[in-house]
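Student: Could we go through this model together? I'd like to start with one helix and then look at the ligand site.

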Amino acid sequence: MHSGRYIILKKYINEKFPHITHGGDYNPDQWQDCPEILSEDMRLMKLANCNEMTLGIFAWTALEPEEGKYDFSFMDKAIDDIYKAGGRVVLATPSAARPAWLAKKYPEVLRVRNDGVRIHFGERHNHCYTSEVYREKVREIDRKIAERYKDHPALIAWHISNEISGECFCPKCQAAFREWLKKKYGTLERLNKTWWTSFWSHTYTDWEQIEAPSPLGETCTHGLTLDWKRFVTEQSTDFMNVEIAALKEFTPDIPVTTNYMNFYEGLDYRVMSKSLDFISNDLYSDWQGDERVDIEVAKDAAMCHDLMRTLKGKPFMLMESTPSMVNWKGVNKPKRPGVHELSEMQAVAHGADAVQYFQWRKSRGCSEKFHGAVVDHVGHENTRVFREVSRLGERLKKLDDIVGTLTEAKAAILYDWVNDWALKDARAFHPWDKKLMKTVKSFYSPLWENGIDTDIIGVEDSFEKYRLIIAPMMYSISEGLAEKLEGFVKQGGILLATYMTGMVDENDLCYLGGLPCGRLKEVFGIWNEEIDSLFPEEKNRVLLKDGTAVTAVDYCEVIHADKAEVLATYDSDYYKGMPAATVNKYGDGKAYYIAFRDTGEYTDMTVKALLGEAGICSGFDGELPQGVTAHTRTDGEKTFVFLQNFSYSPKSVKTEKEWRVFETGEKLTGEFEIEPLQTIIIYEP
Ligand code: GAL
């Protein structure tokens with residue numbers, strides 16, 4: 001199952017434009033009375049080595065100043081000018097912010113908060129996604145745009161709306177939710193049973209009694225909360241599909257995307273992704289110029305990129321990032337010199353075929369006037385930021401061979417949105433912060449440090465190509481998933497799970513008959529009896545077989561090793577001497593269980609040992625010093641290794657192999673140095 005190499009073909013975002021796109025959000029609609037600025041933009045675009053502009057994201061009023069009256073003059077000119085200057089465009093649908101006339105005339109398009117108050121006109125990302133009027137108005141403008149630009153040679157992709165997010169609690173959404181529930185459950189009896197509504201006498205006797213969760217109403221029926229979140233994802237996707245259909249009617253071959261926000265908890269991106277041709281993402285990492293902090297930032301960023309690549313198993317677009325700083329963090333620091341190239345090359349290393357920015361030019365007014373941009377208010381190219389963007393663009397131009405290449409990860413981390421929602425909702429353990437993402441990251445960290453390509457998979461993904469699956473805090477496990485995990489181990493896979501595994505099913509109903517659920521007890525060879533939540537300052541010690549002691553914090557699960565081998569035991573409290581970590585041989589594979597949260601040390605050593613056991617190595621053969629990592633992309637024949645130094649000092653690495661530097665052809669072997677913040681792309685000739 002886990003052996004043998006398969007030939008992979010390249011997968012492109014757009015086969016007609018097989019280059020790294022480099023550009024970003026461009027708002028010529030804000031500069032209509034400044035033609036000199038618009039023509040300067042074209043000169044600067046070439047100077048910045050940009051080949052793409054994303055247009056029209058918030059341009060609805062410019063395009064339709066009055067209901068049914070359209071004016072495409074600014075867009076016509078912008079697209080033509082960009083094309084003449086050698087660029088391409090990603091065209092957005094403008095649904096993320098509506099014209100004032102529209103909100104005034106049709107107040108139902110405005111979202112209702114969970115306390116029942118309808119918002120006023122303003123801001124953005126706040127429309128009702130059920131409103132028929134809004135759907136119709138969006139469909140009309142989208143069709144007009146698609147019809148007009150369908151044959152324009154500059155058009156390479158559609159960008160649906162912007163950062164789809166949030167919830168609407170209006171009567172239309174509530175009614176749609178009830179319809180969704182009727183379809184799902186058929187009878188109220190089934191719904192009541194699944195949601196366990198006899199608790200506190202919350203049984204529904206009429207569909208009309210059901211309302212979305214709200215702090216003014218129901219928050220304790222966890223099945224309701226989970227279904228509401230599923231509904232929000234599906235309804236948002238349905239809205240997005242209305243937009244996609246409007247575009248595809250005219251341009252069936254132009255790929256569509258919408259820009260995601262990393263591990264944004266409000267929407268299950270795996271569900272949404274089924275409607276998209278490719279994935280794109282907005283990432284604004286918190287680079288601080290402090291090596292210790294930035295290495296952690298690099299890991300977070302890498303994990304987000306890996307998720308985006310895994311969602312469709314193909315290259316993605318980094319749709320937005322900042323060339324310098326943002327304007328919405330506690331402290332808004334420009335990226336230090338050199339960090340820009342490093343951070344954007346990191347996206348490419350993890351599978352991005354696009355490096356794009358918010359924003360091309362700083363606006364003069366409103367809330368984003370001080371947000372970083374390629375072109376500053378000064379208006380010319382003589383800025384540090386512009387020079388760094390331009391230098392990076394020069395480099396990206398030479399990476400055509402890398403476009404479309406894929407990553408063959410043998411290690412995967414399981415992250416599931418439903419599990420995240422259920423875990424957050426559980427009133428137990430540390431109710432207000434169970435630190436799922438922190439835990440996921442703690443397992444990702446040693447993979448990154450050891451230069452291991454890693455996929456971030458979901459419960460519906462195939463497990464077959466992986467040798468190691470790490471499943472941190474998988475509290476919610478359906479029977480189907482339990483079987484799938486069992487199958488993975490049986491057939492030779494190595495599975496690593498932690499405390500809280502398999503406590504509830506996909507409806508948040510507790511499993512009866514012992515934990516972890518179902519056959520996972522046999523797979524891990526353990527039984528989890530109870531869990532001790534530790535106070536913030538409280539610690540326990542865990543002793544490993546060789547006598548080493550590591551620290552336990554937050555959670556100590558009290559487990560019994562029925563069949564499993566004990567790898568570590570607790571050193572104090574009433575569960576002193578009981579197992580804290582185990583391994584069980586099952587079928588052809590092994591299942592590891594870590595029953596406590598550690599401070600990092602044990603996680604690191606376990607992951608490292610399991611990589612060895614699973615025979616998973618880095619794409620680079622040498623030791624990786626602190627802050628240096630390696631990730632790969634391959635076309636099936638040639639594998640490109642991206643060696644990146646995230647530290648602020650030079651690092652030396654050693655290799656036994658003979659490498660070639662991709663961009664220069666130079667040979668690299670033995671011991672060599674990587675400059676601070678440098679990315680070297682190498683391959684074996
Ligand atoms: C993104 C958004 C952009 C811009 C940017 C600022 O979330 O999509 O329109 O506001 O943030 O960092």
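What follows is a short back-and-forth on a helix and a ligand in this predicted model.

Student: How far apart are the end C-alpha atoms of helix H3, and what span should its twelve residues give?

Tutor: Helix H3 covers residues 73-84, and we take 1.5 Å a residue. On that basis the twelve residues should span 16 Å. The end C-alpha atoms agree with this, since their separation is 16 Å.

Student: Which residues of H3 are buried, and within what arc do they fall?

Tutor: The buried ones are Phe74, Met75, Ala78, Ile79, Asp81 and Ile82. Look down the axis of H3 and they line one face of the helix, because they fall within an arc of 165 degrees.

Student: What do those buried residues pack against?

Tutor: Their helix partners are H1 (35-47), H2 (60-63) and H5 (132-149). They also pack against strands, namely S1 (21-26), S2 (52-55) and S3 (88-92).

Student: Over to the ligand: which residues are around it?

Tutor: Among them are the aromatics Phe58, Tyr284, Trp328 and Phe358. The list also has Arg124, Asn162, Glu163, Asp282, Glu320, Glu368 and His371.

Student: How much of the ligand's accessible area does the protein cover?

Tutor: Start with the polar contacts: a ligand oxygen is 2.5 Å from an N or O atom in the side chain of Glu163, and one is 2.7 Å from such an atom of Trp328. For His371, a polar side-chain atom lies 2.6 Å from an oxygen atom of the ligand. On its own the ligand has 310 Å² of accessible area, and the share covered by the protein is 93%.

Terms used:
Residues numbered from 1 in each chain as written. Predicted model: local features only at pLDDT ≥ 70, side-chain atom pairs only at ≥ 80, totals over all residues. Heavy atoms only, no water. Helix = DSSP H or I, 4+ residues; strand = E, 2+ residues; numbered from the N terminus. Expected span 1.5 Å × (residues − 1). Buried < 20%, exposed > 50% of the residue type's maximum accessible area, 1.4 Å probe, protein only. Arc of directions from axis to C-beta. Contact = heavy atoms within 4.5 Å. Near = heavy atom within 4 Å. Polar contact = N/O pair within 3.5 Å; in protein donor to acceptor, adjacent residues only side chain to side chain. Areas by Shrake-Rupley, 256 points an atom, 1.4 Å probe, with all protein chains shown as cover.
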